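I opened the notebook to record what I looked up in this model, beginning with its pockets and then turning to its cores and helices.

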Amino acid sequence: MMENIKTILVEDNNVRLDRYIRRIFPNLKQSAIEKSLRRGLIKVDACKAKSSDRVNSGQTITIKYLDYIGNTSSDRKYNEGLVNLLRDNILYEDEYILAINKPAGVIVQGGVKVTVSISDLLDQIREGETFKIVHRLDRDTSGAIIFARNADVARYLMEEFKARRVKKTYLALTSGIPNKSRGIINYPLTKKYVSGQEKVVIDENSSRSATTRFSIVARLEHNVAYLELRPITGRTHQLRAHLAHIGCPILGDGKYGGRKAFVEGIANKIHLHSHSLSLKLPSDKKITITALLPEHFENSIKALYPPFEWSLPGNY
């Protein structure tokens with residue numbers, strides 16, 4: 001990759017960094033600016049910065065590898081492939097929202113080590129539109145996720161999620177079967193560094209309450225449970241931390257379950273799926289969006305199926 005560096009001397013005071021960059025490069029998309037800032041390709045006075053930072057006269061903005069989303073043809077090809085994947089997995093759309101069955105492994109919003117995420121491509125799914133993120137799923141969690149068509153709808157939906165009026169249902173396979181057929185896991189959570197990595201852990205002194213309802217759909221072979229989960233709160237990694245704490249880590253989730261999270265012959269992928277979202281649109285119309293299980297999850301159920309029939313949700 002050839003290095004391409006542009007240096008800009010700021011001539012104004014108290015201007016947002018992203019707005020100042022767009023003055024100089026009006027065709028540069030906001031998503032490209034955000035991604036470049038996260039990757040350290042845009043710096044202010046040789047330091048990493050955020051789009052909302054204010055710049056002042058005399059400061060120097062350095063921009064490397066000016067481009068929009070990808071720098072190379074392979075980057076662009078990957079991005080086009082991901083856009084097509086998102087389009088192929090659209091579950092529902094109307095004048096307010098777009099819903100997608102997010103594949104496992106696809107990142108919703110990027111970070112320092114993320115090359116591309118859905119947030120970088122929200123202006124490419126539908127021509128002339130830029131969708132807004134209103135909630136998130138982990139990288140390795142598949143299933144239903146919704147995006148708003150404009151800022152007003154985004155604000156409305158974020159308030160609906162915050163007020164817990166959006167009903168969320170997940171499906172999971174766990175290594176270990178809960179003692180009860182149904183119940184409530186109610187442990188407060190906090191983020192801590194454990195053995196050098198950030199994790200969400202149970203902390204009785206935390207003010208961040210977290211509540212998960214669960215019910216056993218089926219008891220499978222190798223002491224695996226097929227669970228339906230209804231998170232009442234929406235804490236980061238809530239389901240993963242709660243299930244690991246009761247001795248039933250999600251299959252494939254080595255971060256929270258360690259070696260117990262893996263069963264021989266079963267795909268080493270996290271078996272957690274956002275199965276449905278029930279919500280009220282700004283028009284007061286009530287809808288439920290349902291996402292079919294991903295292939296690895298479905299194959300694991302078939303491999304672990306006991307020799308008699310169940311009435312299962314998901315794809316069954």
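**Entry 1, second largest pocket.** I began with the second largest pocket, which is lined by 18 residues, and I noted that Gln30, Ser119, Leu122, Phe131 and Lys132 lie nearest its centre. I should keep in mind throughout that this is a predicted model. The volume of this second largest pocket comes to about 530 Å³. When I sorted its lining by class, I found six nonpolar, five polar and seven charged residues. Looking up which elements supply at least two residues each to that lining, I listed α2 (30–38), β9 (132–133) and α4.

**Entry 2, largest pocket.** I then looked up the largest pocket, which holds about 1200 Å³ of space. Its lining has 38 residues, and the closest to its centre are Arg136, Asp138, Arg235, Thr236 and His237. By class, I recorded 15 nonpolar, 11 polar and 12 charged residues in this lining. At least two lining residues come from each of α4 (151–162), β11 (167–175), α5 (238–245) and β17 (272–280), and the largest share, four residues, is that of α4.

**Entry 3, nonpolar cores.** Which residues have the most contacts inside the largest nonpolar core? In this core of 30 residues, I found them to be Ile100, Ile118, Leu122, Ile125, Phe147, Leu229 and Leu272. Two or more residues of the core come from each of α3 (73–88), β8 (97–102), β10 (142–148), β11, β15 (211–220), β16 (224–231) and α5. I also noted a second, separate core of 18 residues, with Ala99, Val134, Leu277 and Ile287 among them. Leu122 thus appears twice in these notes, as a residue nearest the centre of the second largest pocket and as one with the most contacts inside the largest core.

**Entry 4, Ile125 and Arg87.** Setting aside residues up to four places away in sequence, I found that Ile125 touches Val83, Leu86, Arg87, Ile90, Leu98, Ile100 and Phe131. I followed this list to Arg87, which sits in helix α3. Is Arg87 buried, partly exposed or exposed? Its relative accessibility is 36%, so I entered Arg87 as partly exposed. Beyond its neighbours within four places in sequence, Arg87 is in contact with Gln124, Ile125 and Arg126. I also looked up Arg87 and Asn101, 14 residues apart along the chain, and their C-alpha atoms are separated by 9.7 Å.

**Entry 5, helix α1.** Last, I checked helix α1 (residues 17–24), where Leu17, Asp18, Tyr20 and Ile21 are buried. Viewed down the axis of α1, these buried residues fall within an arc of 160 degrees, and therefore they line one face of the helix.

Notes: Residues numbered from 1 in each chain as written. Predicted model: local features only at pLDDT ≥ 70, side-chain atom pairs only at ≥ 80, totals over all residues. Heavy atoms only, no water. 1 Å grid on protein atoms, 1.4 Å probe; cavity = no way out; pocket = protein on both sides within 12 Å on 5 of 7 lines; lining within 4 Å. Points joined across faces, edges and corners; volume = space filled by probe spheres on them. Nonpolar A, V, L, I, M, F, W, Y, C, P; charged D, E, K, R; others polar. Core = buried A, V, L, I, M, F, W, Y, C linked by side-chain atoms within 4.5 Å. Buried < 20%, exposed > 50% of the residue type's maximum accessible area, 1.4 Å probe, protein only. Contact = heavy atoms within 4.5 Å. Arc of directions from axis to C-beta.
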